[in-house]
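These are some remarks to read alongside the coordinates, set out as numbered points so that each can be checked in turn.

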Amino acid sequence: MPALVLVGAQWGDEGKGKATDLLGGRVDYVVRYQGGNNAGHTVVIGDETYALHLLPSGILSPDVVPVIGNGVVIDPEVLLEEMAGLEQRGMSCDRLLISANAHLIMPHHVALDRVTERFLGKSQIGTTGRGIGPAYGDKVARLGVRVQDLFDEKILQQKLDLALDAKNQILAKIYNRRAIESEAVVEEYLAYAEQLRPYVADTSLVLNNALDERKVVLLEGSQGTLLDVDHGTYPFVTSSNATAGGAAAGSGIGPTRIDRVVGILKAYTTRVGSGPFPTELTDEMGEFLRKTGGEIGVTTGRLRRCGWFDAVIARYATRVNGLTDVFLTKLDVLSSLEKVPVCVAYDVDGERHDEMPMTQTDFHHAKPIYEYFDGWWEDLSDVRSYKKLPKTARAYVDALEDMIHAPVAAIGVGPGRDQTIAIHDLI
């Protein structure tokens, strides 16, 4: 049985957790393949709301094996706190598997992330200050500490000493911060080792064996396409590959084993942090979308910037991810609008662009070209059939499908697990 990838097709926060959870009862493994605790998923089950940061959304499905892949960077304190919080609410984490090859976020990563961002002043990227970027930087520079290193004190001490030789110079001499003592860090992280040991595995082997046994493996990305370090709105991006291409590298399975790529798109657009956002609304309509959609970051608590649906970035997401299907979320938020604008192209210094501009400069100069669709007044929260949507809502969805160049498989009409309209099957 091939694997399928679930990927954010905007700037993140599209509702990937809801989509993963919806499929959770029909898949055997849910794998988080990149990112760290700079991202979050909100899953609503009945009257209960769960905010997940490092744990895959499949942790909430009793028959699913949740996996943290090698492409994730892990803050062990955050992970253990999140696990404890779920267990206090009656959710078991016993099935969790953690890749031995995943890299760890260390105290010097957090310290450098925060001080560097402050130093940038008005040029800040808008990081969460949780050490994700520096951890990925050390991974690429071959200075990283991996989960498996927790189980060899000598290697852990050697790797940390090597990293801190350079990092403490930067902290103390450039930023006038206190140097970090390696002995205290080693002691702290060895304590984490004993708590994490039961969950650590060769997850690449586990997942490939599962696929050989015709099990269903769902690969879950965090953030979104436009935050991908290679394909996003650089430099206002995250530090990993949030696109579907990162799923194979971040999980240890071959790309030929991936059969479907499902893109999650809101019926409008949001982003958190700095960077260009052509359809951003800074008026009362932006506030309407923010309030009605509950647009507050799960992990950061920051208000999300809001704007109309951007078909240009949606087409781009289809292209760079190879989307086979789309899950359109939060259609219900647009109820009560007389007209619903959609950005169909950009005006860049008088020239029309139907596709993403090639350069950062052009994208910063992009002005949205809108088409306007008739709105609807009906409350969609109880609708469970596509045919029962208002005619104008169906017309809106059909128009987006044509612009995205990928079929809409499901529509979210509320935060609840059951508030979904299924159009065609994903598995």
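**Strand pairing, helix ends, a pocket and salt bridges**

1. Strand E11 (residues 258–266) and strand E15 run parallel and are joined by five bridges. The model in which this pairing appears is a predicted one, and the remarks that follow should be read with that in mind. Within the pairing, Ile264 stands opposite Phe327 of E15.

2. E15 also has a second parallel partner, strand E19 (residues 408–412), with which it pairs over three bridges. Phe327 takes part here too, its bridge partner in E19 being Ala410, while on the E11 side the residue opposite Phe327 is Ile264. A reader tracing the sheet could therefore use Phe327 as a point of reference, since Phe327 is one of the E15 residues that count as buried, which means under 20% relative accessible area.

3. How are the residues of E15 directed, one way or the other? Asp325, Phe327 and Thr329 point to one side of the strand, Val326 and Leu328 point to the other, and every one of them is buried. This agrees with the count for the strand as a whole (residues 325–329), in which five of the five residues are buried.

4. Strand E2 (residues 29–32) shows a comparable arrangement of side chains, with Tyr29 and Val31 pointing one way, Val30 and Arg32 the other way, and all of them buried. Four bridges connect E2 in parallel to strand E5 (residues 65–68), and in that pairing Tyr29 has Val65 as its bridge partner. Another four bridges connect E2, again in parallel, to strand E10 (residues 217–220), where Arg32 stands opposite Glu220.

5. Phe309 belongs to strand E14 (residues 309–310), and it counts as buried because its relative accessibility is 0%. Although Phe309 and Val344 are separated by 35 residues in sequence, their C-alpha atoms are 8.8 Å apart in space.

6. Helix H10 (residues 311–321) is mostly covered, with nine of its 11 residues buried; among them are Ala311, Val312, Ile313, Arg315, Tyr316 and Asn321. The N-terminal end of H10 is capped by Asp310, which has a side-chain oxygen 2.9 Å from the backbone nitrogen of Val312. Just after the helix, Gly322 takes a positive phi of about 70°.

7. The second largest pocket holds about 230 Å³ of space. Its lining is made up of 15 residues, and those closest to its centre are Gly71, Tyr136, Lys139, Ser240 and Asn241. Helix H4 (132–140) and helix H8 (245–251) each supply at least two lining residues, with H8 giving the most, at four residues. By residue class, the lining divides into five nonpolar, nine polar and one charged.

8. Which side chains meet in a salt bridge at 2.8 Å, N to O? They are those of Lys167 and Asp138. Because Lys167 lies in helix H5 (residues 153–174) and Asp138 in helix H4, the pair ties together parts that are 29 residues apart in sequence. Both residues of this pair are buried, and H4 is also one of the helices that contribute to the lining of the second largest pocket.

9. In all, the structure holds 17 salt bridges, and other pairs can be set beside the one just described. Arg197 and Glu194 meet through their side chains at 3.1 Å, N to O, and Arg197 is partly exposed, with a relative accessible area of 40%. The side chains of Glu213 and Lys215 meet at 3.7 Å, N to O; here Glu213 is exposed, because its relative accessible area is 54%, whereas Lys215 counts as partly exposed at 29% relative accessibility.

10. Finally, a network of salt bridges links Asp13, Lys266, Glu295, Arg304 and Lys330. Lys266 falls within the range given for strand E11 (residues 258–266), the strand with which this note began.

Note on methods
Residues are numbered from 1 along each chain as its sequence is written. This is a predicted model: local features need pLDDT of at least 70, side-chain atom pairs count only at pLDDT 80 or more; totals for chains, interfaces and linings use all residues. Side-chain values use heavy atoms; hydrogens and water are left out. Buried means under 20% relative accessible area, exposed over 50%, partly exposed in between (1.4 Å probe, protein chains only). A polar contact is a pair of N or O atoms within 3.5 Å; within protein, one must be able to donate a hydrogen and the other to accept it, and residues adjacent in sequence count only if both atoms are side-chain atoms. Two strands pair if DSSP finds at least two bridges between them. On a 1 Å grid over the protein atoms alone, a cavity is a set of points where a 1.4 Å probe fits but cannot get out, and a pocket is an open set with protein on both sides within 12 Å along at least five of seven lines; lining residues have an atom within 4 Å of a point. Grid points are joined across faces, edges and corners, and a volume is the space filled by probe spheres set on the points. Ala, Val, Leu, Ile, Met, Phe, Trp, Tyr, Cys and Pro count as nonpolar, Asp, Glu, Lys and Arg as charged, and the others, Gly among them, as polar. A salt bridge is a side-chain nitrogen of Lys or Arg within 4 Å of a carboxyl oxygen of Asp or Glu.
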